[in-house]
Amino acid sequence: MVSSSHEALHRIFQEDTGAIVRALRKLLGVPFPDTSKTFVVSPDLTEIAPVERRVDTLLQVETEKHGTYLFAIESQSRRDKDKPAAWAYYLSYMYAKFRHQPVLIVLCPDDATARWAARPITLGLPSHPSLTVRPLVLGPGNTPLITERRKRYGMSRSLSFRRLHTVGA
């Protein structure tokens, strides 16, 4: 149930929309650029239509000492302007739903896509991001070309990102 004290904490910013920028600058020392317009937007973040969101593979990994992790494994064969937003959504949703630490792992068949996927995705103010997504990326630049079964890598089959990309093409 919403209380009047809860409402009072944020309502001031609905009444004086410029107060938030002043608070950032004066109270928190956050350098925020001059604004041209500030207005209230509906706070309802409910999605009306079902939105299909699926990671390529989702693994739950339980550790002895550090709890449980969820590995969202994504195969990315080219740059996709929509993927950074999707990846941030996946991680936030996985944490909210399962309450386990989510980890994003992106598999790339070429170095250019791997470099693109590895860059941090920051949401929020440049000087103080609210969320930073830092994918772990596996690709040709950091993955050895494996052409035979090798017990020391703990693999039961031949694996190569270059080979998998060629076979899948």
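How many bridges join strand 3 to strand 6, and do these two strands run parallel or antiparallel? In this model, which is a predicted one, 3 bridges join the pair, and the two strands run parallel. One residue pair to look at here is Ile-105, whose bridge partner in strand 6 is Leu-136.

Let me place that pairing in the sheet as a whole. There are 4 strands, forming an open sheet in the order 1-2-3-6, and the pairing across it is mixed. Strand 1, residues 57–62, and strand 6 stand at the edges with a single partner strand each, so one side of each is left without a neighbour in the sheet. From one strand to the next, the twist averages 25°. Helix 3 packs on this sheet, where it touches strand 1, strand 2 (residues 68–75) and strand 3, and the direction of helix 3 makes about 150° with that of strand 3.

I would like to stay with Ile-105 for a moment, which has its place in strand 3. Is Ile-105 buried or exposed? Its relative accessibility is 14%, and because the cut-off for buried is under 20%, Ile-105 counts as buried. Once neighbours within four places in sequence are left aside, Ile-105 is in contact with Phe-71, Ala-72, Ile-73, Glu-74, Leu-136 and Leu-138. Leu-104, treated in the same way, is in contact with residues including Ala-72, Trp-87, Leu-91 and Pro-135.

That brings us to the nonpolar core. In soluble globular proteins, nonpolar side chains tend to be buried together. Here the largest such core has 18 residues, and those with the most contacts inside it are Trp-87, Leu-104, Val-106 and Ala-117. Strand 2, helix 3, strand 3 and helix 4 are the elements that give two or more residues to this core, and helix 3 gives the most, with 6 residues.

Finally, helix 4, which spans residues 111–118 and whose buried residues are Thr-113, Ala-114, Trp-116 and Ala-117. Seen down the helix axis, these buried residues fall within an arc of 165°, so they line one face of helix 4. They pack against helix 3 (residues 83–98), strand 3 (residues 101–107) and strand 6 (residues 136–138). At the start of helix 4, a side-chain oxygen of Asp-110 comes to within 3.2 Å of the backbone nitrogen of Ala-112. To return to Ile-105, its C-alpha atom and that of Ala-117 are separated by 9.7 Å, with the two residues lying 12 residues apart along the chain.

Terms used. Residues are numbered from 1 along each chain as its sequence is written. This is a predicted model: local features need pLDDT of at least 70, side-chain atom pairs count only at pLDDT 80 or more; totals for chains, interfaces and linings use all residues. Side-chain values use heavy atoms; hydrogens and water are left out. Buried means under 20% relative accessible area, exposed over 50%, partly exposed in between (1.4 Å probe, protein chains only). The arc is that of the directions from the helix axis to the C-beta atoms. Contact means heavy atoms within 4.5 Å. A polar contact is a pair of N or O atoms within 3.5 Å; within protein, one must be able to donate a hydrogen and the other to accept it, and residues adjacent in sequence count only if both atoms are side-chain atoms. Two strands pair if DSSP finds at least two bridges between them. Axes are lines fitted to C-alpha atoms, for helices over the stretch in contact, and angles run from 0 to 180 degrees between N-to-C directions. A nonpolar core is a set of buried Ala, Val, Leu, Ile, Met, Phe, Trp, Tyr and Cys residues joined through side-chain atoms within 4.5 Å.
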